[in-house]
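I wanted to practise reading helix packing and ring pairs off a model. Here is my notebook from that session.

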Amino acid sequence: MKEMADELKALVETVSQKLAAVSELQASIKPSAGDWSKKEIVGHLIDSAANNHQRFVRAQLTDTLVFPEYAQEAWVDLQGYHDCAWQQLVALWRLYNLHLSRIVGYIAPEKQGTVCEIGSNAPVTLRFLVEDYLAHMRMHVKQLGC
């Protein structure tokens, strides 16, 4: 898990510097109707961090984690990310993910196989959730142009 923790930390530090150079106006542009702005994408990544924070910690406290899915579109809309200050979103995203990188680095080998049931999805392991979190992050980082 140490390698994944280090990868997350490095990714966040690199990307946060690039995002800090994006203007408020650029961050607010929606590429087309129905698409998220950069603000909303980063907001979605904050939500992902919040949900996975709970999963990563709670899965270490039990043998099987049962956790609800989250409605990503509703979360983004309800929190009004499009109207947030860009630099505030970038800072929150950066710090939350640096915290997650610490948590991931502390996951004990014997807890990596904890079975996690997220909504109606097939059960996966805690290790898979961490790997999937990184893949999800990398996909959205590309979407942000970083």
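These entries cover two helix contacts and then the aromatic pairs.

**Entry 1: before starting.** I noted that this is a predicted model.

**Entry 2: α1 against α6.** I kept in mind that two packed helices are described by the angle between their axes and by the distance between those axes. I looked up helix α1 (residues 2–20) and helix α6 (residues 126–143), and they pack at about 20° with axes 11 Å apart. Angles under 35 degrees count as roughly parallel, so I wrote down α1 as roughly parallel to α6. I also checked the hand of the α1 and α6 crossing, and it is left-handed.

Then I listed who touches whom. From α1 I got Met-4, Glu-7, Leu-8, Leu-11 and Val-15. The α6 side of this contact includes Val-130, Tyr-133, Leu-134 and Met-137. Sorting the residues of the α1 and α6 contact by class, I found nine nonpolar, four charged and no polar ones.

**Entry 3: α1 against α5.** Next I turned to helix α5 (residues 86–106), which packs on α1 at about 170° with the axes 8 Å apart. Over 145 degrees counts as roughly antiparallel, so that is what I put down for α1 and α5. On the α1 side I found, among others, Met-4, Ala-5, Leu-8, Val-12 and Val-15. They meet a set in α5 that includes Trp-86, Val-90, Trp-93, Leu-98 and Val-104. By class, the contact of α1 with α5 came out as 13 nonpolar, five polar and three charged residues.

**Entry 4: aromatic pairs.** How many aromatic pairs are there? I got two. For each, I needed the distance of the ring centres and the angle of the planes, since that is how a pair of aromatic rings is described.

One pair is Phe-56 with Tyr-133: the centres are 5.9 Å apart and the planes sit at 90°, so I called it edge-to-face. Phe-56 is in helix α3 (residues 38–58) and Tyr-133 is in helix α6, so this pair ties together parts 77 residues apart in sequence. Are these two rings' residues buried or exposed? Phe-56 has a relative accessible area of 0%, so it is buried, and Tyr-133 is buried too, at 4%.

The other pair is Tyr-70 with Trp-75, with centres 5.2 Å apart and planes at 70°, so I logged it as edge-to-face. Trp-75 has 31% relative accessibility, so I marked it as partly exposed.

Technical notes: Residues numbered from 1 in each chain as written. Predicted model: local features only at pLDDT ≥ 70, side-chain atom pairs only at ≥ 80, totals over all residues. Heavy atoms only, no water. Axes fitted to C-alpha atoms, helices over the stretch in contact; angles between N-to-C directions. Helix = DSSP H or I, 4+ residues; strand = E, 2+ residues; numbered from the N terminus. Parallel < 35°, antiparallel > 145°, perpendicular 65-115°, else oblique. Left-handed = near helix turned anticlockwise from the far one by under 90°. Contact = heavy atoms within 4.5 Å. Nonpolar A, V, L, I, M, F, W, Y, C, P; charged D, E, K, R; others polar. Phe/Tyr/Trp six-rings, centres within 6.5 Å; stacked < 30°, edge-to-face > 60°. Buried < 20%, exposed > 50% of the residue type's maximum accessible area, 1.4 Å probe, protein only.
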